[in-house]
Amino acid sequence: MKGSCWCGAVTYAVDQFSGPIAHCSCVTCRKAHGAAFTTTAAALHAHFRFTRGADHVASFRSSPDKARYFCPSCGTHLVAMRDGQPNVIVRVASLDDDPGLRAQFQIWTSHEVPWLDYRDVPRFEAWQPGR
């Protein structure tokens with residue numbers, strides 16, 4: 001699978017995931033991504049590599065043992081890594097390819113935002129009519 005940032009300065013490849021895809025609604029992920037939740041999957045370090053722009057990637061320590069890596073030009077969050085852990089935490093939304101898998105669970109639902117509800121929200125393939 002291949003992934004990239006929005007501006008294309010950073011690209012990466014993932015050979016395979018080592019764990020399931022999951023949604024995280026924790027406050028930290030919500031703030032870091034500017035979204036109601038983020039979707040992640042673990043990949044062993046041996047199965048992940050930056051293919052372009054590795055020297056361009058910036059990081060931010062969101063907690064004492066965790067760094068989040070992103071493109072400083074466009075702001076796309078790409079991966080996170082915890083000190084001493086065997087996995088890279090891939091931000092699934094930064095993949096260019098469909099991983100062929102779907103999320104298996106959601107964590108930190110205690111931090112879920114009350115305004116996120118898709119049940120009765122009209123859906124449009126592009127912009128809403130009249131825009």
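This passage describes the domain annotation, the sheet, the pockets and one loop residue of a predicted model.

According to an unreviewed UniProt entry, residues 1-116 carry the annotation "domain: CENP-V/GFA". Over this range, 41% of the chain is strand and 6% is helix. The C-alpha atoms at the two ends of the range are 29 Å apart.

Strands of a sheet pair through backbone hydrogen bonds, in either a parallel or an antiparallel manner. In the model, seven strands form an open sheet with mixed pairing, in the order β6-β7-β8-β9-β4-β3-β10. Strands β6 and β10 form the edges of this sheet, each pairing on one side only. From one strand to the next, the twist averages 30 degrees. Within the sheet, β3 and β4 run antiparallel and are joined by three bridges. Cys24 has Thr38 of β4 as its bridge partner.

Empty space around a protein can be located by rolling a probe the size of a water molecule over the atoms. The largest pocket of the model has a volume of about 450 Å³. Its lining comprises 22 residues, of which Thr40, Lys66, Arg82, Ile89 and Ile107 are the closest to the pocket centre. Several elements supply at least two lining residues each, namely the helix α1 (27-33) and the strands β3 (22-24), β4 (38-44), β6 (58-63), β7 (66-70), β9 (87-91) and β10 (105-107). By residue class, the lining of the largest pocket consists of 11 nonpolar, seven polar and four charged residues.

The second largest pocket holds about 150 Å³ of space. The residues lining the second largest pocket are His33, Ala35, Phe37, Thr38, Thr39, Gly75, Thr76, His77, Arg91, Ala93 and Ser94. Seven of these residues are polar, three are nonpolar and one is charged. Thr38 thus appears in two descriptions, both as a residue of this lining and as the bridge partner of Cys24.

Outside the strands, Asp98 is located in the loop between β9 and β10. Asp98 has a relative accessible area of 53% and is therefore classed as exposed, the cut-off for that class being over 50%. Although Asp98 and Lys2 are 96 residues apart along the chain, their C-alpha atoms are separated by 9.2 Å. The two strands that flank the loop of Asp98 each supply at least two residues to the lining of the largest pocket.

Key:
Residues are numbered from 1 along each chain as its sequence is written. This is a predicted model: local features need pLDDT of at least 70, side-chain atom pairs count only at pLDDT 80 or more; totals for chains, interfaces and linings use all residues. Side-chain values use heavy atoms; hydrogens and water are left out. UniProt positions are given in the numbering used here, feature names are shortened, and annotations may be inferred rather than shown by experiment. Helices (H or I, at least four residues) and strands (E, at least two) are DSSP runs, numbered from the N terminus. On a 1 Å grid over the protein atoms alone, a cavity is a set of points where a 1.4 Å probe fits but cannot get out, and a pocket is an open set with protein on both sides within 12 Å along at least five of seven lines; lining residues have an atom within 4 Å of a point. Grid points are joined across faces, edges and corners, and a volume is the space filled by probe spheres set on the points. Ala, Val, Leu, Ile, Met, Phe, Trp, Tyr, Cys and Pro count as nonpolar, Asp, Glu, Lys and Arg as charged, and the others, Gly among them, as polar. Two strands pair if DSSP finds at least two bridges between them. Axes are lines fitted to C-alpha atoms, for helices over the stretch in contact, and angles run from 0 to 180 degrees between N-to-C directions. Buried means under 20% relative accessible area, exposed over 50%, partly exposed in between (1.4 Å probe, protein chains only).
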